[in-house]
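Dear colleague,

Please find below the structure that I am handing over to you. My findings follow directly after it.

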Amino acid sequence: MSEIKDQLGLEQVQRVHRNSDIDFLIKHAVENEGAKVSSTGALMIDTGIFTGRSPKDKFFVNQDPSNKYIAWGDINRAVSKDVYEDLFVTTKKQLSNKELFVTDVYCGASKDSKKSVRFITEIAWQANFIQNMFIMPKTQKELDDFKPDFTIYNACKTVDMAYASHGIHSEVYVVFNVEDNVAIIGGTWYAGEMKKGVFSMMNYWLPLQGKLAMHCSANIGEDGDTALFFGLSGTGKTTLSTDPKRQLIGDDEHGWDDKGVFNFEGGCYAKVINLDEKSEPEIFAAIKKGAILENVVYDENGLVDYTNGSKTENTRVSYPINHIENHAPDLMGGHPTNIIFLCADAFGVLPPVAKLSKKQAMYYFLSGYTAKVAGTERGITEPVATFSSCFGEAFLPLNPTVYAELLGNKIDKHKVNVYLVNTGWTGGPYGVGSRMTIKNTRACINGILDGSINDSDFETLPIFNLEIPKTLDGVETIVLNPRNTWNDKEAYDEMRKKLAGMYMKNFKKYLTLESEYDFTSAGPQL
C-alpha cells in the first residue's frame, strides 16, 4: 500500500484500506461509526444534519478552459482558484495522519466512455456506499493497473471556518476543479454528494465528446428493446424501471454513445419512505447484507419502519445492482426504442400517458416538470410546480440546450418513440383527487413497451395539444382523458390554463439562449 499512500498527496497516512471487502467495512462501521445492522442484514447509518445534497454549497473553480463551457449561475457557482487552494489545504489536513479508505472504481459500463475514479474518505460506510454505487474492478490486474482520471477527497469531518472571507455560502463545501480532475468535500456526511459529484463531471465530459449523459433509469426487454425513464425524485423512476419482465440496466444515471445506452453505476439508490413489499418486491428484497439504509427509523431488533419519516422524508437505500435478480449483466443496452418522461402532476391536469412528437419531446425534456405537494415543506398549502431542465438541472454544468440538442439528434437518428407519463393526481388536484394507481401506470408503461398503445385511437388534449389514447388495455377508460375524471369540469379547465401558464413562464428562459431550435410552439398554447 506504500505506493498508493504516495499517490494520495497527503502529509502522512496511518493506514490505507483499498477496496476492502464488505464484511470488513460493515464490521468497522458498526464498531467505530455507530452503524447498526437491520433485521435483513443491511447496514443502517445516519448522515447527520445533512440528509440530502447541499446544492448551495457546490462550486466549480473559475479557470480556463472549463469556464468557457460551464453555464454559470445559481446551479453552477464559481469559486476562485485561491479559495479552492485554501480549501484543498483544509481537506488534506483533515485526511492526513488518518486511517483511510481508498476506493478505486469505474463510472460507466462502456469501455469507450468510462472514467476511472478514486474516492478517499475516513468513513468505512462511505467506502461501502461507493462500492455499491459504482463499478468495481473485477480482477487484481485491473486494480494493479488502475490510474484515476478523477479523484474525490471526502473530508466530511472538517468544515470551512473561513467561509465568510472566502465568499461562499456556508462552512460546507463541495468544489470541483475540472482542470486538476479533483473534487473536495467538507462539512457534509451525505454520501450522495460523491455519487452526484461524479455524475456532474460525466455531464461535463461526455457532451463535449458528442455523447449524452442522462438522469434516467433504463431497462431492456426480452427482444432486446431498450427503454429510458426520465423523471425527478418521487415520480417513479426507480420503481417503474424495476420490472420482473425486463432486465434492469440501471436506476438513475446513464450515458448514450455511438454503441447504445450504458449505466454509469453499478448499483441503485432508491427512496424507501413508505416502501411496501407488495408493490415493490424487487427493491424490498434488495435490502440485505451489502445494502446501506440511510436515516431510517428502526426498533431494538433492527426492524425498519419505512413509514416513519421523522428523520427525513428522503430515507434511502443503496445496494449493488446484483441485488436485483433480473439485471443486465453488462449494464448496457442498445439504442432505445422508447423514451418515457415521468412527472407527478399534483394539479391533476396531465393525462396518464401521451405520445409526443420530436419537438414536443424537446419541449418537455427542457421543461423537466413535476410538482411538490402540500405538506412536504412548511408553508406549502397547494401544489407547487417544479421545473428542472432535462430532469436533472442540478447536475448539468453545461447549458441545458446542449443536452436537448444531443437528445433530439439521437431521437431522429434512431427513430425513438417518446411518451409523457403522469404518475401524479387524477380527478382533481392534491387534496381533492387521488394519486394515479400503480396498476394504471404499469398498464400505460406496458402499452408503450409492447407497442399496443399504437393500436389505439388518439384524441388531442386542448391547450397542451397532447395526443392521448382513447382506450388502452388495462387502463380504466375514464382515466385516460383527465378532464373526464373531474366532477367540476370548469375547475379542470381553469387548472389546465394555470398549469399551462406555469410551463410557458418557465420556458421563457430558453428564448434568450442560443439554440438552433425554438420549441415554444410544441408547448402549451393559451
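Tyr204 is buried in this predicted model, with a relative accessible area of 6%. Tyr69, by contrast, is partly exposed, at 43%. These two residues form an aromatic pair with 6.5 Å from centre to centre and 80 degrees between the planes, an edge-to-face arrangement. Tyr69 belongs to the loop between β4 (58–61) and β5 (77–79), whereas Tyr204 belongs to helix α7, so the pair ties together parts that lie 135 residues apart in sequence.

A second example is the pair of Tyr363 and Tyr364. Their ring centres are 5.3 Å apart and their planes stand at 70 degrees, so this pair is also edge-to-face. Both Tyr363 and Tyr364 are buried. They are members of one aromatic cluster, together with Tyr369, Phe387, Phe464, Tyr503, Phe507 and Tyr510. Across the whole structure, the search finds 30 aromatic pairs.

Aromatic rings also meet charged side chains. The charged end of Lys115 sits over the ring of Trp205, 4.8 Å from the centre of that ring. Likewise, the charged end of Lys196 sits over the ring of Phe395, at 4.6 Å from its centre.

Lys196 and Phe395 lead to the next topic, the cavities, as both line the largest cavity. How many cavities of 30 Å³ or more are there? The count comes to 2.

The largest cavity holds about 70 Å³ of space. Besides Lys196 and Phe395, its lining includes Arg53, Ser54, Pro55 and Glu193. Two elements, β9 (173–177) and α7 (192–205), give two or more residues to this lining, and α7 gives the most, with 4 residues. By type, the lining residues divide into 4 nonpolar, 3 polar and 4 charged.

The second largest cavity holds about 50 Å³ of space. Among the residues that line this cavity are Phe199, Asn203, Met214, His215, Phe365 and Tyr403. Here α7 and β11 (212–220) each supply at least two residues, and β11 gives the most, with 3 residues. Which types of residue make up this second lining? There are 8 nonpolar and 3 polar residues, and no charged ones.

When you view the model, I suggest that you begin with helix α7. This helix carries Tyr204 of the first aromatic pair, and it contributes to the lining of the largest cavity and to that of the second largest cavity.

Yours sincerely,
A colleague

Terms used: Residues numbered from 1 in each chain as written. Heavy atoms only, no water. 1 Å grid on protein atoms, 1.4 Å probe; cavity = no way out; pocket = protein on both sides within 12 Å on 5 of 7 lines; lining within 4 Å. Points joined across faces, edges and corners; volume = space filled by probe spheres on them. Nonpolar A, V, L, I, M, F, W, Y, C, P; charged D, E, K, R; others polar. Phe/Tyr/Trp six-rings, centres within 6.5 Å; stacked < 30°, edge-to-face > 60°. Buried < 20%, exposed > 50% of the residue type's maximum accessible area, 1.4 Å probe, protein only. Lys NZ or Arg CZ within 6 Å of the ring centre and 35° of its normal.
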